[in-house]
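Hi,

Here is the structure I promised to pass on to you. Have a look at it first, and then read my notes underneath.

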Amino acid sequence: MAKELSKVYEPQEVESRIYEMWQKGGYFHAERDPKKKPFTIVMPPPNVTGQLHMGHAMDAALQDVLIRFKRMEGYSALWLPGVDHAGIATQIKVEEELRKEGLTRYDLGREKFLEKVWDWKHKYGNRIVEQQKKLGASCDWDRARFTMDEGCSNAVREVFVSLYEKGLIYKGSRIINWCPHCVTALSDAEVEYQDKPGHMWHLRYPLADGSGDVIVATTRPETMLGDTGVAVNPNDERYQNIVGKTCILPLVNKEIPIVADEYVDMEFGTGCVKMTPAHDPNDFEVGLRHNLEVIRVLDDNGKVNEFGGKYQGMDRYEARKAIVADLEEQGYLVKIEDHAHNVGTCYRCHNDVEPIISAQWFVKMQPLAEAALECVNSGATKFVPERFTKTYTNWMENCRDWCISRQLWWGHQIPAWYCADCGHMTVSREDATCCEKCGSKNIARDEDVLDTWFSSALWPFETLGWPDKNAEDFKYFYPTDVLVTGYDIIFFWVARMIFSGCEHTGKPPFHTVLIHGLVRDDKGRKMSKSLGNGIDPLEMIDRFGSDALRMNMVTANSPGNDMRFYVERCEAMRNFANKIWNASRYVLMNLKIEKNELPAMEELELADKWILSKLNTLIAEVTENLDKYELGIAVQKVYDFIWDSYCDWYIELTKARLYSEDEASKTVAQKVLLYVLDQFLKLLHPFMPFLTEEIWQAIPHEGDSIMVQSWPKFREDLCFKTEETAMEAIMNAIRAVRNRRAEMNVPPSKKSTLYVVTGKRDVFEQGAGFITRLAYADQVVVADTAPAGHEDMVSCVTADAEMFIPMNQLVDIEKELERIAKELEKARKNLASIEGKLSNENFVSRAPENVVNAEKEKAEKARALIAQLEEAEKRLKK
Ligand SMILES: [Zn+2]
Ligand SMILES: [Zn+2]
């Protein structure tokens with residue numbers, strides 16, 4: 001049954017063939033099996049515009065390890081894939097294509113434009129999926145979903161309407177973050193704050209009654225066009241007498257009130273603050289309390305609108321210049337200070353965000369946040385590593401209402417219709433055909449679409465058939481188990497899935513959130529297009545194989561921490577694959593047995609018991625590490641076992657038996673070699689699925705694929721602690737002798753007598769065969785006292801034994817003395833020449849100090865070498 005493996009492992013050929021075999025076998029498909037427990041992971045849906053990058057590769061590698069592990073453990077393991085419609089990113093892609101034809105989306109109109117986007121999606125939307133397959137992702141592709149497919153659209157509609165009916169979605173005027181470049185609202189999470197140098201302009205507003213002025217300070221002078229008041233703190237002694245008065249707004253020439261509000265910080269600036277309720281969230285709140293007018297002076301493109309008088313049509317930065325110049329000319333500019341401040345910028349285009357008052361849709365967060373906090377505080381959902389719990393709770397405790405409307409066309413259009421006759425708004429699960437209040441057919445649908453995250457927040461249950469609470473998949477697979485994602489989207493996504501799950505299904509959507517870090521370049525920098533330091537995972541797969549890339553991702557990974565990507569490590573992992581391949585080839589070539597079965601216990605020899613016992617411990621530990629999501633630790637243990645214990649030791653230890661005439665011992669060695677190989681292939685499978693499958697198919701086995709075999713189990717009867725310790729003592733002695741010989745440059749062909757002095761004579765007598773062969777001895781003498789003349793022998797020591805080798809058996813003393821004499825002569829000449837230089841006054845006084853010092857150092861080294869050689873000479877002459 002054993003097959004032969006080809007000489008060289010070629011991942012490129014093997015991987016595509018095996019992936020196809022898995023797909024044909026239907027092994028990725030998770031059945032709803034009442035006899036099995038479900039284990040579910042929903043994949044963070046990549047953007048439909050996406051190209052596979054290292055972040056995806058990391059995400060996928062971790063999820064695939066967990067899902068393959070659980071599948072082998074006997075769970076009905078579902079990894080549910082899908083793609084996100086990625087509102088703005090996709091719309092921009094299609095608009096870019098249109099621009100090449102000189103068109104904008106407005107030329108096409110909404111309907112035609114959306115057709116174009118769907119065309120684009122059908123053409124390119126599968127690219128990222130094909131790339132994920134190259135990674136070996138064992139997703140249930142039959143269940144693949146898209147955030148705008150029919151089911152997800154139904155779920156979105158249901159959630160929107162039910163939240164609206166509960167009063168948790170409302171339409172309101174609010175200060176929102178607006179990107180004038182992308183021409184859309186941004187949620188708080190989409191704003192990135194940057195420290196930027198700027199200025200503080202101090203402006204003078206004269207009191208209307210002519211009794212003086214107030215000085216206000218601002219970082220955005222152009223907003224003064226929309227000022228509708230000035231505020232001071234009610235406890236500020238300095239301004240008691242002006243509260244209730246009015247002042248004249250310069251340039252606009254309008255009277256505005258002075259109000260007292262606790263919000264004003266007496267220590268900041270002059271303690272007088274200009275109020276622009278339409279362009280600042282705090283001013284908006286103050287304005288509500290004091291009934292200040294709300295005048296918006298910037299349009300959606302960031303230009304001054306019709307309320308800006310002569311500045312109308314100017315861009316916000318252009319207007320700033322003009323206004324400052326005019327204020328200065330008219331004597332209202334008191335001073336300008338440098339002032340660094342924290343500016344909100346758009347996460348997509350990095351332009352400054354403009355706070356603007358706007359009618360938008362919001363989700364009322366407070367009641368939702370309470371349940372979501374409770375779910376994490378009670379431990380129902382845990383973060384791994386634990387420290388991210390705080391990131392989450394901090395955000396949840398302080399989050400403002402979520403602005404969910406976006407001024408785009410691509411996305412879930414808001415299900416609200418406005419009546420042109422009576423003004424009523426109809427919000428409905430079905431597309432409305434008439435006004436629900438007056439029955440008029442003169443209605444128009446809200447133009448906006450929902451934030452992309454509104455649909456991805458429902459991902460863990462909308463993909464399983466919800467809102468149909470009786471959907472079979474939903475009943476069986478929900479709640480899901482683990483969510484694997486980067487720390488950069490805890491707010492955007494994880495938090496929103498948790499409160500959505502709690503609110504709509506009554507259950508947290510998963511019990512564990514496994515957080516990983518970013519993949520950085522080898523210097524620790526973020527991979528980015530502008531730096532050009534990105535590494536393409538597909539290129540790594542082409543060069544080293546998918547298994548090598550996956551190993552790179554997992555071995556260097558500790559939860560929550562960023563990792564650096566070294567191409568050399570992919571190479572090292574490819575070498576590891578080759579090492580396993582070659583070891584497996586060797587085992588297969590020496591296999592005369594047809595079946596994988598353990599020999600009878602009484603037939604096992606010392607080395608067999610040692611490797612079986614080591615394997616047993618490995619199984620217990622790796623299983624425990626994986627259960628605790630310590631994937632990096634788990635894989636390192638498997639790696640060390642295979643490389644060191646199996647390939648470097650066990651294969652060596654059994655060689656003599658494989659070539660011996662003792663048929664019984666030979667067969668036992670073959671059986672154990674095969675058994676251990678089969679077991680570690682299974683342990684390694686989640687990490688290196690392709691290589692392990694290819695080898696497993698070649699060794700005697702039962703079943704169709706390694707990926708659906710049972711996970712190895714710890715066995716009490718395979719614990720051989722005594723034999724394990726004994727074998728380790730022997731191995732340590734062999735290592736010590738080898739190291740000592742290597743230090744002395746003695747070739748393996750030079751055999752010697754080896755005296756082993758130990759308190760554990762039985763152990764070393766049992767291991768004498770191994771020691772003879774692997775420590776290059778021609779005979780091994782085990783004793784409890786040191787041999788005569790041991791003072792002059794080469795020696796080395798371990799915890800259990802001291803080893804002695806007669807010097808003249810390692811080196812030819814006459815020849816060695818000759819060699820040393822020659823080297824001594826050379827070294828002494830060298831020293832003499834250096835000393836000559838250093839005693840030359842001319843050289844020492846004229847040469848630069850560092851050159852002189854370098855010579856002195858050389859002399860030091862030469863003296864040390866001479867001392868060493870003299871010492872060696874003395875020893876040999878004894
Ligand atoms: Zn933008
Ligand atoms: Zn109506």
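Below are some notes on the chain as a whole, its two metal sites and one histidine.

A word on conventions: this is a predicted model, in which local features need pLDDT of at least 70 and side-chain atom pairs count only at pLDDT 80 or more, while totals for chains, interfaces and linings use all residues. Residues are numbered from 1 along each chain as its sequence is written, chains are lettered from A and ligands numbered from 1 in the order in which they are written, and side-chain values use heavy atoms, with hydrogens and water left out.

Let's start with the whole chain. The protein chain has 28 helices and 31 strands (DSSP runs numbered from the N terminus, with at least four residues of H or I for a helix and at least two of E for a strand). Its C-alpha trace spans about 115 × 90 × 55 Å along the principal axes. Of its 878 residues, 54% count as buried (buried is under 20% relative accessible area, exposed over 50%, partly exposed in between, with a 1.4 Å probe and protein chains only).

Now to the metals. The zinc ion (ligand 1) has as its protein donors the SG atoms of Cys179, Cys182, Cys346 and Cys349, 2.2 to 2.4 Å away (donors are N, O and S atoms within 2.8 Å of the metal, or 3.2 Å for Na, K and Ca; water is not among the atoms, so sites may look incomplete). The angles between these four donor atoms run from 101 to 115°, so the arrangement is tetrahedral (four donors with all angles between 85 and 135 degrees). Cys182 sits in the loop between strand E5 (169-179) and strand E6 (184-186), and Cys346 in strand E15 (residues 341-346), so this pair ties together parts that are 164 residues apart in sequence. Cys182 is buried at 15% relative accessible area, and Cys346 is buried at 0%.

For the zinc ion (ligand 2), the protein donors are the SG atoms of Cys419, Cys422, Cys435 and Cys438, at 2.2 to 2.4 Å. Their spacing in sequence is C-x2-C-x12-C-x2-C. With angles of 103 to 113°, this arrangement is tetrahedral. Cys419 is buried, at 6% relative accessible area, whereas Cys422 is partly exposed at 35%.

Last, a look at His516, in strand E25 (residues 512-516). His516 is buried, with a relative accessible area of 4%. Beyond its neighbours within four places in sequence, its contacts include Met58, Asp59, Tyr487 and Gly560 (contact means heavy atoms within 4.5 Å).

Best wishes

How values were computed:
Tetrahedral: all angles 85-135°; square planar, octahedral: opposite > 155°, others 65-115°.
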